[in-house]
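Colleague: Please take one part of this predicted model and go through it closely. I would like the strands and their pairing, along with the salt bridges around them.

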Amino acid sequence: MKFRNILSLKSLIVLGFVVAVIPLFLDVMYAAYAMRDTATLGRTINFQVFEQTKTIRQVLQKASDIERKARLFVLLSDPSLRQPYEQQSYENARASFKQGLNELLKLHVDNKIALLVNELSEKENLIYQQIMGAADENNPELPIDEAFQGLREASNTLSREFEKHVDHEFNELRQQSESLEQALLVKGAVLLLISVVFIVMLLVVLSRSMRQLDASIRRLGSGNLAEPILVTGPSDLRYLGNRLEWLRTHLMELEVSKQQFMHNVAREIEAPLESIREGAQRLADEADGESDRARQEIALTLCANSEKLKTVSEELVRYSQINSMPEMKLKNTVNMKSLLESVIEDFQPLLQEKSIALKKLVRPVEISGVHEQLQGIIEQLLDNAVKYSPVDGEIRIMLRDAGTQMELEIEDEGPGIDPDERSHVFEPFYRGKTAQNGDYAQGPGLGLAMVKEYVSNHQGKVDIIDAREDQQGARVRVQIPLTGEA
C-alpha cells in the first residue's frame with residue numbers, strides 16, 4: 001500500500017526514463033568492452049604476424065645464404081685452393097641460421113610450422129654433415145645436390161605453410177568480429193525489447209488512468225451522475241479521481257435539491273392556483289349583461305392565466321422528475337425512423353391547420369435509448385417548429401446515421417433565433433426576443449431545457465446551427481451516439 005502511495009505520475013515518468021535508459025546503457029558498455037577486446041586481439045595478432053613474417057623472411061634469406069656458402073665451400077674443396085676464412089664464413093652463416101630458427105620458435109608458432117622449422121634445421125644439418133665428411137677425404141665430389149634440393153623444398157614448404165597460417169589467423173579475427181557484431185545486434189535487440197516492454201507497460205498504466213479520468217469527466221459533463229468515479233494508477237491521478245468523485249456527489253446533492261425545490265414550488269402553487277381558477281370561472285359564469293361585461297372579461301383573463309400557470313406547474317413537475325423516475329433510465333433499442341413517423345402522424349392536425357408542408361429526408365436508424373425521452377425530443381422540437389412557422393410555410397426534417405452517431409435536424413421558416421441567444425435558449429425559463437413577442441408568447445420556457453436534459457441523458461448534444469444559405473428560420477441539430485455511450 002505504501003508503494004502505491006509513493007508511485008506518483010512524476011515517479012512513474014522518472015522510473016520509465018531510467019528503465020528505458022539502463023538497458024541501452026548496458027548495451028553501449030557491452031559494445032565498448034567487446035570492441036576494446038577485439039581491438040586488443042587484433043593488435044596482438046597483427047604484431048605476432050608481423051614479427052613471425054619478419055623472422056621467417058630472415059630464416060629463408062639465411063637458408064639461401066647457407067646454400068650459397070655451402071656450394072662455394074664445396075667448389076673450393078681442394079685444400080690448396082681453400083682459404084681458412086671460407087669455412088669460418090660458412091660456420092658463421094650456419095650459426096646465424098640456427099639463431100633465426102630459435103627466434104622463430106620463440107614466437108609461439110603453431111605445431112605444424114614448428115615441425116617444418118625442425119625439418120628445415122635437419123635438412124641443413126644433413127648438408128653440413130655431408131660437406132664436412134667429404135672435406136676429410138681425398139675425393140671432393142659429393143652427391144649433395146639432392147640435399148640442396150631438399151633444403152629448398154623445406155624452405156618453400158615453410159613459406160607456404162606460414163602464408164596459410166597468416167590467412168587462418170586473419171580469418172579467425174574476421175569471424176570473431178562478425179560474431180561480435182551479431183552478438184551486439186542480438187543483445188541490443190533484447191535490451192531494446194526490454195525497454196519497449198517497460199515503456200509500453202508504463203503507457204498502459206497511464207493511458208488507463210487517463211481514459212478513466214476522461215470518461216468520468218464526460219459523464220459529469222453529460223449529467224450522468226449515477227455511476228461512481230473510480231480512477232486507478234498513480235497516486236496523484238487517483239487523487240484527481242477522488243476529487244471528481246467528491247464533485248459528483250456534490251452535483252448529485254445540488255441536483256436533488258434543485259428538483260426538490262421545483263417540485264415543492266409546483267405543488268405549493270397548485271392548490272391556490274386551482275382555487276383562483278375556480279373562483280374566476282364562477283365569477284365569469286355569474287356575470288351577465290352589459291353592466292357585468294368588464295367583470296366577465298377580467299374573470300376570463302384570470303381563467304386563461306390560471307390555465308397557463310397550471311401548465312407551467314405541470315411542466316415544472318415534469319422537468320424536476322426527468323432524472324428521478326426509474327423508468328426513464330432503462331434503455332432499449334429504438335427505431336428512430338418509426339418513432340419519427342409516429343410523432344409526425346400525431347402532428348398532422350396542427351400541420352394542416354397552418355397549411356405547413358413537411359419535407360423529409362429520413363434514413364433508418366436504430367439507437368440505444370429511452371423511448372419516452374427520445375419521443376419527447378422529437379415532439380418538443382416539432383412543436384416549436386410548428387409554433388414559429390408561418391402559414392403555408394415549410395418544415396424540413398433530416399434523420400440519418402452519421403457513422404458513430406445519429407443526427408436529427410429540424411428546420412422551420414420562422415423568425416429564427418439570434419446568434420447571441422443560442423447559448424441561452426436551453427436554459428430553464430429562458431424566453432428570447434422572438435418568444436416574448438405576443439404572437440408566440442406561449443409555454444413556460446422549459447421545452448428546450450427538457451430537450452437538453454433528454455439529450456444529455458443519452459450522452460449526446462443539441463445545438464442551434466445556422467440556416468441553409470437559401471433559407472431562414474431556426475435549425476436545430478441533435479446528435480446522439482448509436483450505442484448510447486459517450
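Modeller: Strand β1 (residues 332-335) pairs with β3 through four bridges, in the antiparallel sense. Within that pairing, T333 has S368 of β3 as its bridge partner. The side chains of β3 (residues 366-369) alternate: I367 and G369 are buried and point to one face, whereas E366 and S368 point to the other face and are not buried. This follows the general pattern, because side chains in a regular strand alternate between the two faces of the sheet.

Next comes the open sheet of five strands, in the order β2-β4-β5-β7-β6 and with mixed pairing. Its edges are β2 (357-362) and β6 (461-465), each of which pairs on one side only. Direction ignored, neighbouring strands in this sheet are turned by 15° against each other on average. Inside the sheet, β5 (residues 405-411) and β7 (residues 475-481) run antiparallel and are joined by seven bridges. Here L408 stands opposite V478 of β7. Helix α12 (residues 447-457) lies across β6 and β7, and its direction makes an angle of about 135° with β6.

Strand β4 (residues 394-401) holds R396. R396 counts as buried because its relative accessible area is 10%, under the 20% cut-off. Apart from neighbours within four places in sequence, R396 is in contact with K359, E409, I410, E411, D412, E413, Q471 and Q472. With one of these, E413, the R396 side chain makes a polar contact of 3.4 Å.

As for charge pairing in general, side chains of opposite charge can pair when their charged atoms come close. The model has 13 salt bridges in total. One of them brings together the side chains of D466 and R422, at 2.6 Å from N to O. This pair links distant parts of the chain, 44 residues apart: D466 is in the loop between β6 and β7, and R422 is in the loop between β5 and α11 (433-436). R396 appears again in a network, where salt bridges with shared partners join it to E394, E411 and E413.

Two further salt bridges lie within helices. In helix α10 (residues 371-388), K387 and D383 are four residues apart, about one turn of the helix. Their closest N and O atoms are 4.0 Å apart, and the pair forms a salt bridge. K387 counts as partly exposed because its relative accessibility is 22%, and D383 falls in that class because its value is 26%. Buried residues of α10 include L374, I377, I378, L381, L382 and V386, as well as the polar Q373 and N384. The helix itself has 18 residues and reaches 26 Å from its first C-alpha to its last, close to the expected 26 Å.

The other pair is E245 and R248, whose side chains meet in a salt bridge at 2.7 Å, N to O. Both residues lie in helix α6 (residues 235-286), three residues apart, about one turn of the helix. Are they buried or exposed? Both E245 and R248 are buried, whereas K387 and D383 in α10 are partly exposed.

Notes: Residues are numbered from 1 along each chain as its sequence is written. This is a predicted model: local features need pLDDT of at least 70, side-chain atom pairs count only at pLDDT 80 or more; totals for chains, interfaces and linings use all residues. Side-chain values use heavy atoms; hydrogens and water are left out. Helices (H or I, at least four residues) and strands (E, at least two) are DSSP runs, numbered from the N terminus. The expected span of a helix is 1.5 Å times one less than its number of residues. Buried means under 20% relative accessible area, exposed over 50%, partly exposed in between (1.4 Å probe, protein chains only). Two strands pair if DSSP finds at least two bridges between them. Axes are lines fitted to C-alpha atoms, for helices over the stretch in contact, and angles run from 0 to 180 degrees between N-to-C directions. Contact means heavy atoms within 4.5 Å. A polar contact is a pair of N or O atoms within 3.5 Å; within protein, one must be able to donate a hydrogen and the other to accept it, and residues adjacent in sequence count only if both atoms are side-chain atoms.
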